[in-house]
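Subject: Structure for your review

Dear colleague,

Please find below the structure that I am handing over to you. I would be grateful if you would look through it alongside the notes that follow.

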Amino acid sequence: MENVDFFAGHLFLIDKPMEWTSFDVVNKVRFALRRFGGIKKIKVGHAGTLDPLATGLVIVCTGKATKGIQALMDHDKEYVANIRIGQTTPSSDAETPVDASFPAGHVTRQLVEDVLRNQFLGDVMQVPPMHSAIRIDGHRAYEYARKGREDEVQLKARPITLSELEVVSFEPASDDRPTAELVLRVACTKGTYIRSLARDLGAALGSGAYLTGLRRTRVGSYAVADALSIDEAVDFVASHVKRAEPQECAHGHSEAEAPSQN
């Protein structure tokens, strides 16, 4: 197979599995380059963080391709979100336990679609979740949240654009299940927090809601359908890397990591 010059730059489209951090994915690629190519120092970074409980597309760049990380992060993104209506959690996702329950029997698919269209579609202001990596006076917001000090700080609303909101499926609440279950496809600009969208949608529906699952399906024109699994990415490195000579192994490159986005 033809060798790939990973120093010159390569983009990996990787389908991140559940419970992996984006840095775990980067480190897996870096380890493969060292194991199969003898490359000890090379820039490797990702173009936008996915939370550990989310799955889907993570773009990993090597070598000179890391110079394009910011441009990749600026692309619009697409997600498929699973949202439970009728309950909330402190983190607005499944990372923390349910802390409150709300009526959800009145929530119908038509109501969800009307609220999405009239209150969320387009340019909106969104307050990020407290359980996020946003810095406040030199500290991460989640540091305040985990210590129960949310009342001491206030996150400012930020402008985002929700260009597409499609209800993929909806299951109303019933006697056997007091919550409604929504699957929502979201196309949005960078900086959008899907957890915040779930939180705000629940309130707008006269209930509460939180994110139970999230999958990133697109970044710009790059789609998760074209992505490799972790094992396939490792196999690609093994099959395409050129074994580095001693002087190449010492090629001076520092680590490059992209800051958290979602």
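Is Glu19 buried or exposed? Glu19 is exposed, because its relative accessible area is 62%, and residues over 50% are classed in that way. Please bear in mind throughout that this is a predicted model.

**The chain as a whole**

The protein chain contains seven helices and 13 strands. It has 262 residues, of which 48% count as buried. Its accessible surface comes to about 12900 Å², and 49% of that surface belongs to carbon and sulfur atoms. If one takes the contacts between residues at least 6 apart in sequence, 74% of them join residues at least 24 apart.

**Residues in loops**

I return now to Glu19. This residue is found in the loop between strand S1 (10–16) and helix H1. Although Glu19 is not a glycine, its phi is positive, at about 75°.

Ser92 also deserves a look. Its phi is positive, about 65°, and Ser92 is not a glycine either. Ser92 lies in the loop between strand S5 (87–88) and strand S6 (100–101). With a relative accessibility of 7%, Ser92 counts as buried, because the limit for that class is under 20%.

A further loop residue is Gln154, located between helix H4 (141–146) and strand S10. Gln154 has a relative accessibility of 72% and therefore counts as exposed. Between the C-alpha atoms of Gln154 and Val127 the distance is 9.3 Å, and the two residues are 27 residues apart in sequence.

**Helix H3**

Helix H3 covers residues 109–120, twelve residues in total. From its first C-alpha to its last it reaches 15 Å, which is close to the 16 Å expected at 1.5 Å a residue.

Which residues of H3 are buried? They include Val112, Val115, Leu116 and Phe120. These residues lie on the same side of H3, because they cover an arc of only 100° around the axis. Several elements contribute to covering the buried residues of H3, including strand S4 (77–85), strand S7 (122–126), strand S10 (158–171), strand S11 (180–188) and helix H5 (194–204). After H3 comes Gly122, whose phi is positive, near 105°.

**Strand S11 and its partners**

Strand S11, one of the elements that cover the buried residues of H3, merits a section of its own. Nine of the nine residues of S11 are buried, so the strand is largely enclosed by the rest of the structure. Both of its faces are covered. On one side, Ala180, Leu182, Leu184, Val186 and Cys188 are buried; on the other side, Glu181, Val183, Arg185 and Ala187 are buried.

How do the neighbouring strands pair with S11? S4 and S11 run antiparallel and are joined by nine bridges. Within this pairing, Ala81 stands opposite Leu184 in S11. S10 also pairs with S11 in the antiparallel sense, over eight bridges. Here Glu166 has Arg185 in S11 as its bridge partner.

**Cysteines**

How many disulfides does the model have? The count comes to zero. A disulfide would require a pair of cysteine sulfur atoms within 2.5 Å. Two cysteines may be inspected individually. Cys61 counts as buried because its relative accessibility is 0%. Cys188, which belongs to one of the covered faces of S11, is buried as well, with a relative accessible area of 1%.

**Two further positions**

Thr55 has its place in strand S3 (residues 55–62). Its relative accessibility is 16%, so Thr55 counts as buried. Leaving aside residues up to four places away in sequence, Thr55 touches Lys16, Pro17, Met18, Leu50, Leu214, Arg215 and Arg216.

Gly37 has its place in helix H1 (residues 22–37). Gly37 is buried, because its relative accessible area is 0%. The C-alpha atoms of Gly37 and Val241 are separated by 5.7 Å, and these two residues are 204 residues apart along the chain.

With kind regards,

A colleague

Note on methods
Residues are numbered from 1 along each chain as its sequence is written. This is a predicted model: local features need pLDDT of at least 70, side-chain atom pairs count only at pLDDT 80 or more; totals for chains, interfaces and linings use all residues. Side-chain values use heavy atoms; hydrogens and water are left out. Buried means under 20% relative accessible area, exposed over 50%, partly exposed in between (1.4 Å probe, protein chains only). Helices (H or I, at least four residues) and strands (E, at least two) are DSSP runs, numbered from the N terminus. The expected span of a helix is 1.5 Å times one less than its number of residues. The arc is that of the directions from the helix axis to the C-beta atoms. Contact means heavy atoms within 4.5 Å. Two strands pair if DSSP finds at least two bridges between them. Accessible areas come from the Shrake-Rupley method with a 1.4 Å probe; for residues, only the protein chains shown count as cover.
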